[in-house]
Amino acid sequence: MTEKKQENSGFDGLGIAEKLLQAIAKAGLKNPTPIQRESIPVAILGKDLLGVAQTGTGKTLAFAIPMLQRLALYKGRGLVLLPTRELAVQVDESLRKYGAALGLRTAVLIGGENINRQISELRRLPHIIVATPGRLNDHLERHTVKLNDVKILVLDEADMMLDMGFMPQIERILENIPKERQTMLFSATMPTEIIKLANKYMASPLRVEVAASGTTATNIDQEIFIVEKNSKLAQLEILLHEYSGAVLIFCRTKHSVANLTGKISLMGYQATEIHSNRSQIQRRKALDGFRAGRYRVLIATDIAARGIDVSGIELVVNYDLPDDANDYVHRIGRTARAGKSGKAISFADPMQAREIKEIERLVKKVIPLREISPLHAVSFGQKSFGQRRVTGRSFGRSNSSFRSEKKFTRRDNQAERPTRVNKEKKFGPRSSAAPQSRGRSFSRRPASHSSTGWKGF
């Protein structure tokens with residue numbers, strides 16, 4: 001009964017100042033998320049904090065409110081370090097929204113933007129600096145910023161910063177910050193490297209873990225399609241036809257992102273892209289356009305796996321499985337945010353059993369599989385994709401794990417005349433207008449299933 005009262009009491013009782021409570025109410029927020037409820041009272045007292053929560057649960061507000069409140073009461077400056085430009089911009093927007101009530105100013109230091117403009121912002125003596133490690137080090141080398149008055153340090157998405165190789169730069173930054181400070185570290189996953197970092201640079205941090213590391217939101221419907229590489233594009237076109245809402249697609253490389261963006265545009269969908277080869281202006285324009293609905297499809301590398309905070313994404317597609325299983329958690333976390341439901345579909349080829357095992361081990365669940373038969377001709381602009389060659393490889397899941405497809409054909413190495421046919425909403429064989437195969441037909445048989453993993457590859 002007591003716990004239920006606490007959950008329904010809103011942000012009152014967490015020690016938040018009245019002006020900030022008014023700003024929170026103005027933003028339309030009524031009840032804190034679990035990470036906010038557990039973190040804010042501790043952080044307001046100035047204690048070091050190690051926060052673990054799945055993506056999309058409001059970690060930004062969990063450190064923003066305590067930082068703003070303490071900086072309004074005590075002299076000093078706040079510093080927030082983030083791995084990507086997109087995350088930095090979004091955190092700055094939150095700090096500006098709530099900090100305006102207390103008269104606090106911010107400055108954003110990220111790559112891809114004019115450094116002279118950033119120097120002008122620093123001369124206005126902002127109360128909080130939001131930065132990526134690389135650009136902040138540039139300013140330190142130029143002597144355009146001093147960090148000797150930093151009283152509160154936040155490391156957000158710390159595991160991603162370590163994965164991206166920022167640790168040497170972070171250590172150089174920490175050398176310029178007073179040891180007497182409050183440090184807050186937030187992340188969706190907590191590998192051993194993060195624990196070592198906390199032990200080295202934090203003073204007896206209180207660990208707040210509202211979900212086990214690697215946990216995904218329960219309202220994300222996850223599925224994996226076993227599909228041959230040369231059938232992925234045709235399968236993606238079917239998904240874009242079946243789902244009418246906003247779609248976020250992840251590829252492994254920036255070249256793949258650019259290539260796929262062009263092909264999706266030729267399908268007739270409004271599509272845009274985000275990757276490291278794009279300028280900051282281009283990346284911001286793409287994200288703003290996606291958020292505003294001018295683009296229905298956004299294709300990105302993992303640079304956006306934690307840098308996109310867009311409500312209402314209906315479908316996340318892992319066109320390529322991520323190199324790191326932890327990135328899977330962050331990728332699919334772009335949908336089903338703020339209590340909403342969402343769908344996450346991943347494409348995997350028959351040789352990626354090990355990668356799927358790692359993902360399932362991390363998220364602690366068996367993800368349903370669907371074995372996709374080779375697709376017949378699918379219209380694509382003025383072209384069409386014909387039936388695909390496949391191998392008769394088995395997949396180590398029981399029949400209940402996926403909706404098995406019926407027999408499919410294998411074509412000989414013959415040229416096929418492009419044929420345009422009507423789309424169907426169901427997966428499986430296309431319309432009768434598709435060319436008939438003269439090759440032999442065969443079916444795939446599921447291999448044995450084991451609770452410890454797959455067999456039969």
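Why are R96 and D92 separated by about one helical turn? The two residues sit four apart in helix α5, and that spacing is the reason. Before following this pair further, keep in mind that the structure above is a predicted model.

Let's stay with charged side chains for a moment. Side chains of opposite charge can pair when their charged atoms come close. R96 and D92 do just this, forming a salt bridge whose closest N and O atoms are 2.6 Å apart. The two partners have unlike surroundings: R96 is partly exposed, with a relative accessible area of 41%, while D92 has 6% and counts as buried, because buried means under 20%.

Helix α5 (residues 85-99) also takes part in a link between distant parts of the chain. Its residue E86 forms a salt bridge with R283, and here the closest N and O atoms are 2.8 Å apart. R283 belongs to helix α13 (residues 280-292), and 197 residues separate it from E86. If you look for this pair in the structure, look inside: both R283 and E86 are buried.

A further salt bridge joins R207 and E209, with 3.0 Å between the closest N and O atoms. In this pair R207 is partly exposed at 40% relative accessibility, and E209 is partly exposed too, at 37%. Altogether the model has 19 salt bridges. Some of them join up, as E113, R117, E121 and R284 are linked in a network of salt bridges.

One member of that network, E121, brings us to helix α6 (residues 115-123), where I115, Q118, I119, E121 and L122 are buried. These residues lie on the same side of α6, because they cover an arc of only 160° around the axis. What do the buried residues of α6 pack against? Their neighbours are β3 (106-109), β4 (128-131) and α7 (133-142). The two ends of the helix are worth a look as well. At its start, a side-chain oxygen of N114 comes to within 2.7 Å of the backbone nitrogen of N116. After the helix comes L125, which has a positive phi, near 55°.

Now turn to the aromatic rings, which form three aromatic pairs in this model. F63 and F186 make a tilted pair, with 5.7 Å from centre to centre and 45° between the planes. F63 lies in helix α4 (residues 59-73) and F186 in strand β6 (residues 182-187), so this pair ties together parts that are 123 residues apart in sequence. Both rings are hidden away: F63 is buried, with a relative accessible area of 0%, and F186 is buried at 0% as well.

F225 and F347 pair in another way. Their ring centres are 6.1 Å apart and their planes are at 20°, so the pair is stacked. Here two strands are brought together: F225 is in β8 (residues 220-226) and F347 in β13 (residues 342-348), so the pair ties together parts 122 residues apart in sequence. F225 counts as buried at 1% relative accessibility, and F347 is buried with a relative accessible area of 1%.

There is one more ring to add to this picture. Ring pairs link F225 and F347 with Y319 into a cluster. Y319 has a charged neighbour too, since K232 lies over its face, at 4.6 Å from the ring centre.

Key: Residues numbered from 1 in each chain as written. Predicted model: local features only at pLDDT ≥ 70, side-chain atom pairs only at ≥ 80, totals over all residues. Heavy atoms only, no water. Phe/Tyr/Trp six-rings, centres within 6.5 Å; stacked < 30°, edge-to-face > 60°. Buried < 20%, exposed > 50% of the residue type's maximum accessible area, 1.4 Å probe, protein only. Lys NZ or Arg CZ within 6 Å of the ring centre and 35° of its normal. Arc of directions from axis to C-beta. Contact = heavy atoms within 4.5 Å. Polar contact = N/O pair within 3.5 Å; in protein donor to acceptor, adjacent residues only side chain to side chain. Salt bridge = Lys/Arg side-chain N within 4 Å of Asp/Glu carboxyl O.
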